[in-house]
Amino acid sequence: MKKAPLMLFALVAVFGLSACEGNPFGFIDDTVPGYKDSSTDDDGEDEDEYDVPVTGVTIKDDAREIYIPVNSYFTFGSSCVEITPSDATNKEYTLSSAREDVLGVSDYVVYGLKEGASKLTVTTVDGYFVDWCTIHVYVAE
């Protein structure tokens, strides 16, 4: 029995473990999911900040199927996409086109390149939630 404390001491000395390693007492630190960092509020008091994770993305009903003329573009922004919850910390998302020859995408701008249809996919940066819609590109008369 007398060897156990010596072995524990050896583990602490060799591996640099501490009593707080792995947060055994439940203290909040930067290993807690969603924790950003500690900052000071206006009163000079410490205030912990937490990320609010994204739980989903939905393309709004009026953006489910869009028709645009060739050689035109529009911004596929917050009027088209709903990120939940509404107070999510990171509401960024990416767009991708299934047919890049028909529909080009750069940041949040969608370009009609040639006649046809393409699936436009929205993917959240936080959580990688996905939704999609169809964009029809037509030749204007």
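Let's start at Arg64, which is partly exposed because its relative accessible area is 31%; buried means under 20% relative accessible area, exposed over 50%, and partly exposed in between, with a 1.4 Å probe and protein chains only. Before going further, a word on the source: this is a predicted model, in which local features need pLDDT of at least 70, side-chain atom pairs count only at pLDDT 80 or more, and totals for chains, interfaces and linings use all residues. Residues are numbered from 1 along each chain as its sequence is written, and side-chain values use heavy atoms, with hydrogens and water left out.

Arg64 has a partner in Asp131: the two form a salt bridge, with their closest N and O atoms 2.6 Å apart. A salt bridge here is a side-chain nitrogen of Lys or Arg within 4 Å of a carboxyl oxygen of Asp or Glu. The pair links distant parts of the chain, since Arg64 sits in the loop between strand 3 and strand 4 (65-69) and Asp131 in strand 11, 67 residues apart. Helices (H or I, at least four residues) and strands (E, at least two) are DSSP runs, numbered from the N terminus.

Now look at the Asp131 end. Strand 11, the home of Asp131, spans residues 130-138. Asp131 counts as buried because its relative accessible area is 12%. Its side chain also reaches the backbone nitrogen of Ile59 at 2.8 Å, and it makes a polar contact with the side chain of Arg64 at 2.6 Å. A polar contact is a pair of N or O atoms within 3.5 Å; within protein, one must be able to donate a hydrogen and the other to accept it, and residues adjacent in sequence count only if both atoms are side-chain atoms. Leaving aside residues up to four places away in sequence, Asp131 touches Val57, Thr58, Ile59, Arg64, Leu120, Thr121 and Val122, where contact means heavy atoms within 4.5 Å.

Next, step back to the whole chain. It has 1 helix and 11 strands, and the helix leads the pattern, α-β-β-β-β-β-β-β-β-β-β-β. Of the 141 residues, 26% are buried. Among contacts with a separation of 6 or more, 50% come from residues 24 or more positions apart. About 9,800 Å² of the chain is exposed, and carbon and sulfur atoms supply 55% of that area; accessible areas come from the Shrake-Rupley method with a 1.4 Å probe, and for residues only the protein chains shown count as cover.

The whole structure holds 3 salt bridges, so let's visit Asp101 too. Asp101 bridges to Arg99, with the closest N and O atoms 3.5 Å apart, and to Lys114, at 3.2 Å. Asp101 lies in the loop between strand 7 (93-97) and strand 8 (103-106), and Lys114 in the loop between strand 9 and strand 10 (116-124), so this pair ties together parts 13 residues apart in sequence. Through shared partners, Arg99, Asp101 and Lys114 join into one network. Arg99 is partly exposed at 35% relative accessibility, Asp101 at 38% and Lys114 at 39%.

Finally, find Tyr111 in strand 9 (residues 109-112). Together with Tyr73 and Leu113, Tyr111 forms a nonpolar surface patch with about 320 Å² of accessible area. Patches are made of residues with over 30% relative accessible area and no salt bridge; like charges are joined within 9 Å, and nonpolar side chains (Val, Leu, Ile, Met, Phe, Trp, Tyr) within 5 Å.
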